[in-house]
Amino acid sequence: MQYPADEYFLRDDYLTLLLICICGICFAQQQTNDISTKNPPNKEWNFNNLDGWKYGHQDNNPDNQCILENGYLRIFTRANSVDRKKVHTVERIYTTGRYTWRTHIPQMGIGDQCSVGSWIYHDDQHELDFEVGYGKDTVRKELNAAPNEMIAYMTSQAYPFSSVPVVIKTGWHLFEIDLTLKNGNYYITWLIDNEPKHELQLEFGKDIAFHIFCSVENLKFIGDQPAQQENSGLFDFVRYTYHD
């Protein structure tokens, strides 16, 4: 079939544009696939600044209570409040590997509902935590906690749910979450000061990637009464090291 000259050039331009669009879609898809399959980079944050981190909160208090002080990140909550203050990595890309926080656990008020958190998060069903606070009196008695000891909960929020408490002295500690793969899903080990404390087979794998979080939150589950004093946690560094 013969086309008039103008129609021929319009048709030729249309085919060229269509080819460019198809190539662009293919290239974008290739980029997406490359990004999703790339291993996350090793990272260490020393909190001389908050580059790569984002402030957040889940309360009605807009004040930023995450403060950089002499190379430490200090996060605090007020007495008689429902403050929930936190920072997290901007990127949600972290999968298998070793997550490490060097965190200072303070002497909290007796019965205070306050938690210092070192944790990773994808969504409310895919969250893996260290949450450390005074603890309910019933739990402290079961664990025979001394006055200078807090309660550290090692928790998987779902798939499956698991929450295991142990006693921990106030002061500086290394909290670590180690994720490997077993039968295609994550296998998690919680470690405190290089000592494994709890292990769990999870029901999801590397299709779930995480933000890394530091937090101090006034949470009801971890004490018997609203916090009666200001409580704060210090974070020296956070480190992520990739491995399969």
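Strands here are DSSP runs of E, at least two residues each, numbered from the N terminus. With that in hand, P160 sits in the loop between β9 (149-156) and β10 (162-169). This is a predicted model, and a few backbone oddities plus the cysteines are worth a look. As background, most residues other than glycine have a negative phi, and most peptide bonds are trans.

**The cis peptide**
- Y159 and P160 are joined by a cis peptide bond, with omega at about -10 degrees.
- The P160 end of that bond belongs to the β9-β10 loop.

**Positive phi outside glycine**
- N70 isn't a glycine, yet its phi is positive, near 55 degrees.
- You'll find N70 in the loop that links β3 (66-69) to β4 (72-77), and its relative accessible area of 79% makes it exposed.
- N80 is another non-glycine with a positive phi, about 55 degrees.
- The loop between β4 and β5 (84-89) is home to N80, which counts as exposed at 57% relative accessibility.

**Cysteines and the disulfide count**
- How many disulfides are there? The count is zero.
- For a disulfide, two cysteine sulfur atoms have to be within 2.5 Å.
- The cysteine sulfur closest to that of C66 is in C214, 8.9 Å away, so it's too far for a bond.
- Going the other way, C214 has its closest cysteine sulfur in C66, again at 8.9 Å and too far for a bond.
- C66 is buried, with a relative accessible area of 8%, and C214 is buried too, at 0%.

How values were computed
Residues are numbered from 1 along each chain as its sequence is written. This is a predicted model: local features need pLDDT of at least 70, side-chain atom pairs count only at pLDDT 80 or more; totals for chains, interfaces and linings use all residues. Side-chain values use heavy atoms; hydrogens and water are left out. Helices (H or I, at least four residues) and strands (E, at least two) are DSSP runs, numbered from the N terminus. Buried means under 20% relative accessible area, exposed over 50%, partly exposed in between (1.4 Å probe, protein chains only).
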